[in-house]
Amino acid sequence: MHSRLNALSKRALVLALAVAMPFAASLPAQATMNDMAIFSEMATAQPVFGKHGMVSSQEALATRIGVDILKQGGNAVDAAVAVGFALAVTLPQAGNLGGGGFMLVHLAKDNKTIAIDYRETAPKASKRDMFLDEQGNAVDELSRSHGLAVGVPGTVMGMELALKKYGTLSLQQVIAPAIKLAEDGVDVTAALASELAGLDDWMSKWPSSAEIFYPHDGKSLNVGERLVQKDLAQSLKRISKQGSKGFYEGETAEKLVAAIRAAGGVMSLDDLKNYRVAEREPVRGHYRGLEVVSMPPPSSGGIHIIQMLNVLEHFPIGELGHNSAQTIHFMAETMKRAYADRSEYLGDPDFVKVPAAALMSKGYADAIAKSIAANKATPSDDIKPGKLAPYESDQTTHYSVVDKWGNAVSNTYTLNFSYGSGLVAKGTGILLNNEMDDFSAKPGSPNGYGLLGGDANAVEPQKRPLSSMSPTIVMKDGKPFIVTGSPGGARIINTVLQIIMNVVDHQMNIAEASIAPRIHHQWYPDEIRTERSLNLDTRSLLEAKGHKITIKHAMGSTQSIVVMPEGMYGASDPRQSASETLGY
């Protein structure tokens, strides 16, 4: 099966599959996006509408700050930077100054999209085997809750570069709301209180963290109390006055390095001073007449989203139906092949050669599609040997912004684990990442820890660890159509894939696309991970094809905007209670 299937052969495939599944319902005629009213009586969820601008983020106060910036005349980049600094205060588990991430910026006037890579880097004194014991075994603590776990943060410089080059407002203007929130405090939500209570062992072992988040004799903050972060406010003020030098040099830098070294790390003042943001060319592909623009390496997301869409374009997904057993079968078979490639070929492009063009080529997709049987699962062992690492943190956060001029920002950033290493650098209020865990702790080992076990992602000085973060913009007629992204660790790539498919193949509005049940296959373990809302009969049909089905936690927290001629339609994923999308 390949993209040259004509309409007749596609209908024949659907008929053949229907015969193979005698209990399947007849397939409805499919309308096009242009034929459907957004607020239609068919819709099972309704998006938020905005005429002039929209912000979708994982925390309501930050969303409102972004919209306020747009109302003041700021553009999408101004609003995105304001949201980024605000989330460092209001969403401490993932919003950050002490982490890093990726930002995709589309400039309408120049019809140009830029990928800003502000991913953390390994300190210069880092070594390939720094997370191994004397017997050569990976030690989790060293790469997760230790000074060695902390990569050189990129967020502050990334935000500054985006604002200086592509924004219109001053750093003082966009950072002022975050300073006020840190000084005055924010109300502790039920979600924040619950998360802190569950992480007390992780966080409270650091006295500097305990005094902020566990002020009641080691007990966490309660719902309705105020989380006041005076030290963080001072750190933000230094950035406001001095720009990124107020973070990477001087008082803040000295306190960061002191805390990291006291915790056993090797980061130096020179590591901070020499950090640089990288601007890269986005990866691009096409899916059913639309252009897909996403993040290049060291993100693994963009390449594999495009690779999978190239394969799935060979199958009549829309006709087969949303989350039907046959659709999920084709998705899972495609996912496991892409994740097998991800385990071997992806890394920091400044250190390793990534075969991006080959992985995203239509010819390669043809070959993959032809290897997929219509009614039988291919065992992962028959695709490629080896295993992905068992864990990649899903505590990341994404937000999307579109302004009245047609500029768009898709931004994903993180501390890695929830609250990163758990360590607040004393006197700064800044939580430090544990992104070094995203390197291969034991390269070449099938049971290596970190994001991947391959040599391409081995620890090297000043190298950026591989990531799944996948900020993405789908273009229609050269203009942003879908602006989306998600947290979710290794599941980010497949979550973003399903948002695109839900809108494009299944003609869902963005609220329906966001709420729909999700599935995930990452090659190893050889199982389709599903949310509990997936239909039991569908699971049984998949098992009959040879798939193993595992019901696990909800996946992702997408923050998405769809741009239509009459305005913007957005939706925050209901899987997170504090999220909000707001337009005006």
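## Thr538 and its neighbours

Let's start with one residue: leaving aside residues up to four places away in sequence, Thr538 touches Asn323, Ser324, Ala325 and Ile328. Thr538 belongs to helix α21, which covers residues 536-544. This is a predicted model, and in it Thr538 has a relative accessible area of 11%. Because buried means under 20% relative accessible area, Thr538 counts as buried.

## Helix α5

Next comes helix α5, made up of residues 155-166. With 12 residues at 1.5 Å a residue, helix α5 should span 16 Å. The C-alpha atoms at its two ends are 16 Å apart, so the expected span and the model agree.

Helix α5 is also mostly covered, with nine of its 12 residues buried. Its N-terminal stretch supplies Thr155, Val156, Met157, Gly158, Met159 and Glu160 to the buried set, and Ala162, Leu163 and Tyr166 complete the list.

## The nonpolar cores

Now for the interior. The largest nonpolar core holds 84 residues. Phe85, Leu97, Met103, Ile116, Phe213, Leu236 and Val401 are the ones with the most contacts inside this core. Helix α3 (residues 76-90) is the element that gives the most to the core, contributing 12 residues. Another core, of 79 residues, lies apart from this one, and its members include Ile303, Val354, Ala408 and Ala511.

Leu97 is a good place to look around. Not counting residues up to four places away in sequence, Leu97 touches Thr155 and Val156, both of them buried residues of α5. Leu97 also touches Phe85, Ala88, Pro153, Leu232, Leu236, Ile239, Phe247 and Ile430.

Notes. Residues numbered from 1 in each chain as written. Predicted model: local features only at pLDDT ≥ 70, side-chain atom pairs only at ≥ 80, totals over all residues. Heavy atoms only, no water. Helix = DSSP H or I, 4+ residues; strand = E, 2+ residues; numbered from the N terminus. Buried < 20%, exposed > 50% of the residue type's maximum accessible area, 1.4 Å probe, protein only. Contact = heavy atoms within 4.5 Å. Expected span 1.5 Å × (residues − 1). Core = buried A, V, L, I, M, F, W, Y, C linked by side-chain atoms within 4.5 Å.
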